[in-house]
Structures are given as structure tokens and as C-alpha cells.
Amino acid sequence: TLEKILTRTKLLTMLKKIIFALIAIFIIIQFIMPERNISGDDTYAIQTKYDIPQDVQRILQVSCNDCHSNATEYPWYANFQPSAWFLDHHVQDGKKHLNFSEFTKSPLFVQNHKLEEIKEMVEENEMPLPSYTYFGLHPEANLTDAQRQKIIDWADSQMNYLKNTYPADSLAFPKRN
């Protein structure tokens, strides 16, 4: 009937407008890109104070540094919104918890605690995050058991270095009054 045809026509017209608006929004947001995390400033980087064997350095570079340093290597999909926003949030959150590029800027007790957290997160398979390797993304970041053990052993050795080099009270969180 004529009434059904008019209703369908209105519905199709409204659907076309919605699709057009969504496409326009998608195109517009492509111009709103977050700042890239590529400062490369290593003034306070972990390697300026701590011994990192070459094999451990390679593991950290491939599996950790994209989210835990000031030198993210961005994948191709970081050039498109909304994935760029998601990645930026992910990197900023990762750096908030641990930033290898600013590691030595923190007090010794924080550095010691971060080394403990590195060990714990790797031991418990909490890092790298599963979302980092979903859908086969970043397969090189998936740690083998041997790689996990190298990181754990390295973190232990660095905590022992701190313990043997500095007074115990400088490695513990200050007591609150």
C-alpha cells in the first residue's frame, strides 16, 4: 500500500542520513590525532644506571618498550581513528605504571619496587597484556618461558645490586606517620 511505501521511503532516507553522518564523523576524526610518544629522551633511562644484558635489552625492546618507554614504534593502524586514541590511552597508561625512559628519575625505593613489579608481572604472565597480542598482533612480543626467566633473573640481579649497594632504608617505602 501507499502508506507502507511512504514509511519505507522515510525510513530509507533517515537511514541514509545516519550513514552519511557517521561517515562524515569518521572522516573528521581522522584529523584529530594524539601526539606521538617518540621523544627518545634517554637522560633518565634504565640503562644509564642498570646493567642490562643484550638479550634482556632485546626482549624489553620488542615486548615492553612500545608501552613502557618514550619510544613507541607505532603499527600501521595507529594512523587511523579511533584506534590511534585507543593506542595512545594504552601507551599513556603503560607509562604511568612503568616508564623505562624515566626509570632513574624516581627515588631508589620506587626503582626497587618497579623491579619487583616487573618480576611479579612477568612471573604471573600478566605482561605483556593479552590485548597487545590479540588477533596475532605483535607476535614477537609473546614471551617464551625462557625469555620470561631471563627477565625474572635480570630483575632479581638488579634488586640484589641495589640491596648490596645502598642502605636498606633507602630501598623501602618511607613510613607514614
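Ala, Val, Leu, Ile, Met, Phe, Trp, Tyr, Cys and Pro count as nonpolar, Asp, Glu, Lys and Arg as charged, and the others, Gly among them, as polar. The model described here is predicted.

## Cavities

The whole structure contains 2 cavities of 30 Å³ or more. The volume of the largest cavity is about 80 Å³. Its lining splits by class into 7 nonpolar, 3 polar and 2 charged residues. The residues in question are Asp66, Cys67, Thr72, Glu73, Tyr74, Pro75, Tyr77, Leu87, His90, Val91, Tyr132 and His138. Two elements, H3 and H4, give two or more residues to this lining. H4 gives the most, with 3 residues.

The second largest cavity holds about 60 Å³ of space. Around the second largest cavity lie Met33, Pro34, Glu35, Arg36, Tyr74, Ala78, Ala84 and Asp88. This lining has 5 nonpolar and 3 charged residues, and no polar ones. Tyr74 lines the largest cavity and also lines the second largest cavity.

## Largest pocket

The largest pocket encloses about 470 Å³ of space. Its lining consists of 23 residues, and those nearest the centre are His68, His97, Leu98, Met121 and Met127. By class, the lining has 13 nonpolar, 6 polar and 4 charged residues.

Three helices each supply at least two residues of this lining: H3 (65–68), H4 (83–97) and H5 (108–123). H3 and H4 are also the elements that give two or more residues to the lining of the largest cavity.

## Second largest pocket

For the second largest pocket the volume is about 330 Å³. There are 20 residues in its lining, with Gln61, Val62, Asn65, Ala71 and Glu73 nearest the centre. Helix H2 (54–63) and H3 are the elements that give two or more residues to the lining of the second largest pocket. The largest share comes from H2, which gives 5 residues.

The class counts for this lining are 8 nonpolar, 7 polar and 5 charged. Glu73 is one of the residues nearest the centre of the second largest pocket, and Glu73 is also part of the lining of the largest cavity.

## Elements in common

H3 recurs across these sites. This helix supplies at least two residues to the lining of the largest pocket, gives two or more to that of the second largest pocket, and does likewise for the largest cavity. H4 supplies at least two residues to the lining of the largest pocket and gives the most to that of the largest cavity.

Definitions and conventions
Residues are numbered from 1 along each chain as its sequence is written. This is a predicted model: local features need pLDDT of at least 70, side-chain atom pairs count only at pLDDT 80 or more; totals for chains, interfaces and linings use all residues. Side-chain values use heavy atoms; hydrogens and water are left out. On a 1 Å grid over the protein atoms alone, a cavity is a set of points where a 1.4 Å probe fits but cannot get out, and a pocket is an open set with protein on both sides within 12 Å along at least five of seven lines; lining residues have an atom within 4 Å of a point. Grid points are joined across faces, edges and corners, and a volume is the space filled by probe spheres set on the points. Helices (H or I, at least four residues) and strands (E, at least two) are DSSP runs, numbered from the N terminus.
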